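Let's take a walk through this one together. Have a look at the model first, and then we'll start from a single residue and work outwards.

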Amino acid sequence: MRKWTFAKGHGTKNDFVIVRDRHGTVRIDDADVRFLCDRHAGIGGDGLLRVTKASSIPEWDGDPDLWFMDYRNADGSIAEMCGNGLRVFVRYLMEEGLASGESIPVATRAGLRTVQPLIDGRLRCGMGPVRLADEPVAVTIEIPHLGPQGSWQATAVDVGNPHAVCFLEDGDVPLAELDLGREPTWTPADRFPAGTNIEFVEVIDERHISMRVHERGAGETLSCGTGTVAAAHAYARRAGLVDGEVRVDVPGGWVVVGLGEQEATLTGPAVIVARGETWLPDNL
């Protein structure tokens, strides 16, 4: 058995197991992540955040003294970026006395990101550039024995990780009734060779949308930070907006996305809810 210290946190109920490994000496494989994120046999989470120094990440070529957010999906696969995870990561750094200041830099696989603690307790993350493709992607939800529940021409969006944003129209199945228990399919199939996050969006009012998401490697989650950024920018193109903010409601709460082609922002809560020790079997 291996004994590890952990913390648990969430941002709009998108939850994460946090493991500190300053010098990159702890071996974490896919089976370890699946065990820790298992909601019945483990701690439970949509993903795992490993807190390590950037010097321990071979592919990072920037400042080696930065903290690196090594993010894994619940199935053990590596993801480039996680907006809710970034806020939780910085909340953990702050509470552990590992970082402070008006702007906290974090190294990620999507590049350098900065996070600002706000006076009201929320955190505002710089999310980098958002790129929207011109060519749509066909997304379908298929229910076994019942056939397609719906098909949409989705907007492909890159927020450092891939997204396909679908807007529900009159006559579609209501957002609350979509069956996201299985991964939607898309065509062309090779558009997202490593998989993608898929957002389903209803427009509530001007600069106010509601969203559900099926996350790559995790299934449906109560929130997806990068997904809210992708959805807000796809909505902005649809509505002819070029700047300002968009409120995005998710099942786990709500966030505010600042529009920006060169630097989008994501503002929302993050909280650490538990700290403890766990024992991992040696033969997972």
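Start with cysteine 82: its relative accessibility is 4%, so it counts as buried. Keep in mind that this is a predicted model. Cysteine 125 is buried too, with a relative accessible area of 0%.

With buried cysteines about, you'll probably want to check for disulfides. A pair of cysteine sulfur atoms has to lie within 2.5 Å to count as one. For cysteine 82, the closest cysteine sulfur belongs to cysteine 224 and sits 6.5 Å away, which is too far for a bond. Cysteine 125 has cysteine 82 as its closest partner, but the two sulfurs are 9.8 Å apart, so no bond there either. By this rule, the tally for disulfides is zero.

Now zoom out to the whole chain. You'll find three helices and 19 strands. The radius of gyration is 18 Å, close to the 19 Å that the globule rule gives for 284 residues, so the chain is as compact as a globular protein of that length. Along its principal axes, the C-alpha trace spans about 50 × 45 × 30 Å.

What about the inside? Of the 284 residues, 54% count as buried. Take the contacts between residues at least 6 apart in sequence, and 64% of them join residues at least 24 apart.

As for the outside, the accessible surface comes to about 12500 Å², and carbon and sulfur atoms account for 48% of that. On the charge side, there are 28 positive and 42 negative side chains, with the centres of the two sets 6 Å apart.

Conventions: Residues numbered from 1 in each chain as written. Predicted model: local features only at pLDDT ≥ 70, side-chain atom pairs only at ≥ 80, totals over all residues. Heavy atoms only, no water. Helix = DSSP H or I, 4+ residues; strand = E, 2+ residues; numbered from the N terminus. Rg over C-alpha atoms; globule rule 2.2 N^0.38 Å. Buried < 20%, exposed > 50% of the residue type's maximum accessible area, 1.4 Å probe, protein only. Contact = heavy atoms within 4.5 Å. Areas by Shrake-Rupley, 256 points an atom, 1.4 Å probe, with all protein chains shown as cover. Lys, Arg positive; Asp, Glu negative; His and termini not counted. Charge placed at Lys NZ, Arg CZ, Asp CG, Glu CD.
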